[in-house]
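Here is a set of short exercises. Try each task before you read its solution.

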Amino acid sequence: MSHNSADTGSIHEAYLTIACIPAIAITSFNATSVCEILLGALAAAALFLLTRRRASYARAPLIFAFIWMVYVAASAIYATSAGLPGHHLGSLGKHLPIALGPLLAIPLSAACDRLRLHRDTLVTLFLGGLVIGGLLILVRNGPFDIAAPKMYQVEEFLDAFNRQGSVGRLNRNYAALTCGLSLLGTVALFCHIISAERPRSCRLVIGLVLLAMIFVALEVALIVLPSRTAFIATTAALLVFLASFARTRISRGYKTGKLALAAVGLVVVMAAVTMYYLPSVAGRMMTIAASDKSGSAIVGLLLGGNSVSERLELDLLGINLIAQRPWFGWGPDVSQLISIFAVNPSIKPLTQFHNGYIQDIVSFGILGGLLNLTLIAVILVRATRPSVVYTGSRRLSAAYFSIGLAMIIYLLIANLTESILFVKPAAVVCTFFIMLICMTPRSAVLDPRG
């Protein structure tokens with residue numbers, strides 16, 4: 001009797017663990033404090049499995065993840081004791097998304113093994129939560145009104161944006177990032193469904209039509225929002241996704257005729273929507289480019305007018321700060337450094353360097369940067385092993401394997417102009433796909449009760 005109750009409890013724990021995945025994706029947009037609680041609960045479950053049960057895990061990534069956590073904590077303690085500007089102990093969580101992935105893989109592996117769940121199901125739940133969470137926050141803040149007779153009043157939207165400088169409670173970069181991540185998730189779900197099974201049922205057809213409508217809506221919102229980096233990052237990620245999707249399907253011996261038509265259709269829709277709506281914002285883009293003080297219209301178009309010279313000043317300031325403290329940096333919180341050391345009054349109110357790579361080295365120095373790169377390299381080496389992504393029941397579908405690559409491209413590009421991992425949805429995306437790479441094979445996590 002006790003064995004049956006323990007078994008039932010274990011199943012319930014597994015279901016609760018799996019339920020955290022879509023919940024984390026949704027709350028990363030709409031309730032970040034709840035998202036952090038859920039991530040903390042999974043981390044606690046991982047530590048419990050490590051200390052109380054026999055657990056198999058991705059050894060090298062987990063070891064380097066713990067080393068990175070210790071380094072970040074030591075950096076915060078040192079910066080605080082040295083009196084360096086910032087609230088360092090309160091900023092620890094912003095620097096842990098990469099390190100959390102190998103740790104969270106432990107309870108997720110155990111739950112999937114207990115429920116005999118394919119990894120594709122995890123990705124479906126996560127991407128579904130990502131799309132739902134993104135749509136919820138966009139609808140609540142009004143980039144578009146689905147109930148309106150004409151869905152998009154582009155000129156009116158641009159006028160309102162120019163007056164307010166934001167979209168509801170969202171600034172333009174956050175709104176554009178939400179559109180980009182949700183759009184990529186929508187495309188991956190669509191391609192996974194049409195490649196995994198034939199859309200025979202009415203519900204499946206309705207789901208595909210709904211995903212197609214969401215895709216068009218998000219693309220229009222992304223075009224209308226004046227964020228060049230998000231548009232470029234999303235476009236590049238989509239191209240990487242389509243190329244990887246086609247290559248992976250061919251390498252696995254599948255016929256690609258119908259899927260090729262679907263891909264061509266996707267590109268045609270993207271081009272048609274872009275050509276239809278882009279003229280409405282082209283005037284504003286050219287005005288921005290013409291106002292660029294550096295004299296480069298192309299750079300002004302991509303980065304946003306007068307902000308080009310400001311971004312260059314931020315980069316130079318970051319390099320100067322690195323030169324002052326090259327090895328260990330200024331600590332996890334560098335939000336006050338710009339206001340203290342910047343000469344130009346127009347950039348003094350800024351709290352980040354708008355370049356995630358420079359900001360990381362400003363925070364943790366050359367040693368911290370090398371340690372971070374080592375952790376990433378260890379994770380990428382694991383990701384390239386055939387046993388991780390190509391073997392048996394653990395093999396991801398072509399669509400889900402490709403969306404992982406696309407998300408990497410998106411984050412790498414976006415990190416050039418933003419400290420992207422400080423944004424909770426982007427951090428959650430990074431954590432999830434690292435977790436997916438670090439999940440262990442079936443039966444690797446064992447319960448002492450058998």
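## Exercise 1: A residue after the last helix

T440 is found in the segment after α17. The model is predicted.

Task: Decide whether T440 is buried or exposed, and find how far its C-alpha atom is from that of C112.

Solution.
- Step 1. Take the relative accessibility of T440, which is 8%.
- Step 2. Compare it with the cut-off: buried means under 20%. T440 therefore counts as buried.
- Step 3. Turn to C112. T440 and C112 are 328 residues apart along the chain. Their C-alpha atoms are separated by 10.0 Å.

## Exercise 2: The chain as a whole

Task: State how many helices and strands the protein chain has, and what percentage of its residues count as buried.

Solution.
- Step 1. Count the elements. The chain has 17 helices and two strands.
- Step 2. Look at burial. The chain has 450 residues, and 50% of them count as buried.
- Step 3. Look at contacts. Take those between residues at least 6 apart in sequence: 80% of them join residues at least 24 apart.

## Exercise 3: Where is the predictor confident?

Task: Name the elements with the lowest and the highest mean pLDDT.

Solution.
- Step 1. Start with the average. The protein chain averages a pLDDT of 78, and 73% of the residues score at least 70.
- Step 2. Go to the elements. Helix α11 (residues 297-303) has the lowest mean pLDDT, 44. The highest, 92, belongs to α17.
- Step 3. Find stretches below 50. Residues 145-152 form one of them, with twelve contacts in the model beyond near neighbours in sequence. Residues 291-306 are also below 50, and that stretch has 29 such contacts.

## Exercise 4: Rings that meet

Task: Classify the aromatic pair of W68 and F364, then that of F126 and F433.

Solution.
- Step 1. Count the pairs. The whole structure has eight aromatic pairs.
- Step 2. Take W68 and F364. Their ring centres are 5.2 Å apart, with 70° between the planes. Planes over 60 degrees apart count as edge-to-face, so this pair is edge-to-face.
- Step 3. Place the two rings. W68 is in helix α3 (residues 59-81) and F364 in helix α14 (residues 356-383). The pair links parts of the chain 296 residues apart. Both W68 and F364 are buried.
- Step 4. Take F126 and F433. Their centres are 6.2 Å apart and their planes stand at 85°, so this pair is edge-to-face.
- Step 5. Place these rings too. F126 lies in helix α5 (residues 119-141) and F433 in helix α17 (residues 424-438), so the pair ties together parts 307 residues apart in sequence.
- Step 6. Check burial. F126 has a relative accessible area of 1% and is buried. F433, at 11%, is buried.
- Step 7. Look for a cluster. Ring pairs link W68, Y71 and F364 into one.

## Exercise 5: Charges over rings

Task: Which ring does K94 lie over, and which does R325 lie over?

Solution.
- Step 1. K94 lies over the face of F422, 5.5 Å from the ring centre.
- Step 2. R325 lies over the face of W330, 5.6 Å from the ring centre.

## Exercise 6: Empty space

Task: Find which element gives the largest share of the lining of the largest pocket, and which does so for the second largest cavity.

Solution.
- Step 1. Size the pocket. The largest pocket has a volume of about 1100 Å³.
- Step 2. Read its lining. It is lined by 42 residues, and I98, I376, I408, L412 and C430 lie nearest its centre.
- Step 3. Sort by element. Two or more lining residues come from each of α4 (97-115), α14, α16 (398-414) and α17. The largest share, 13 residues, is from α14.
- Step 4. Move to the cavities. The structure holds two of 30 Å³ or more. The second largest has a volume of about 70 Å³.
- Step 5. Read the lining of the second largest cavity. Among its residues are I21, L39, L104, F126 and M435. α17 gives the largest share, four residues.

## Exercise 7: The surroundings of T178

Task: Which residues is T178 in contact with, leaving aside neighbours within four places in sequence?

Solution.
- Step 1. Place T178 in helix α7 (residues 172-196).
- Step 2. Check burial. T178 has 0% relative accessibility, so T178 counts as buried.
- Step 3. List the contacts: F29, G134, I137 and L138.

Methods. Residues numbered from 1 in each chain as written. Predicted model: local features only at pLDDT ≥ 70, side-chain atom pairs only at ≥ 80, totals over all residues. Heavy atoms only, no water. Phe/Tyr/Trp six-rings, centres within 6.5 Å; stacked < 30°, edge-to-face > 60°. Buried < 20%, exposed > 50% of the residue type's maximum accessible area, 1.4 Å probe, protein only. Lys NZ or Arg CZ within 6 Å of the ring centre and 35° of its normal. pLDDT = per-residue confidence, 0-100. Contact = heavy atoms within 4.5 Å. 1 Å grid on protein atoms, 1.4 Å probe; cavity = no way out; pocket = protein on both sides within 12 Å on 5 of 7 lines; lining within 4 Å. Points joined across faces, edges and corners; volume = space filled by probe spheres on them.
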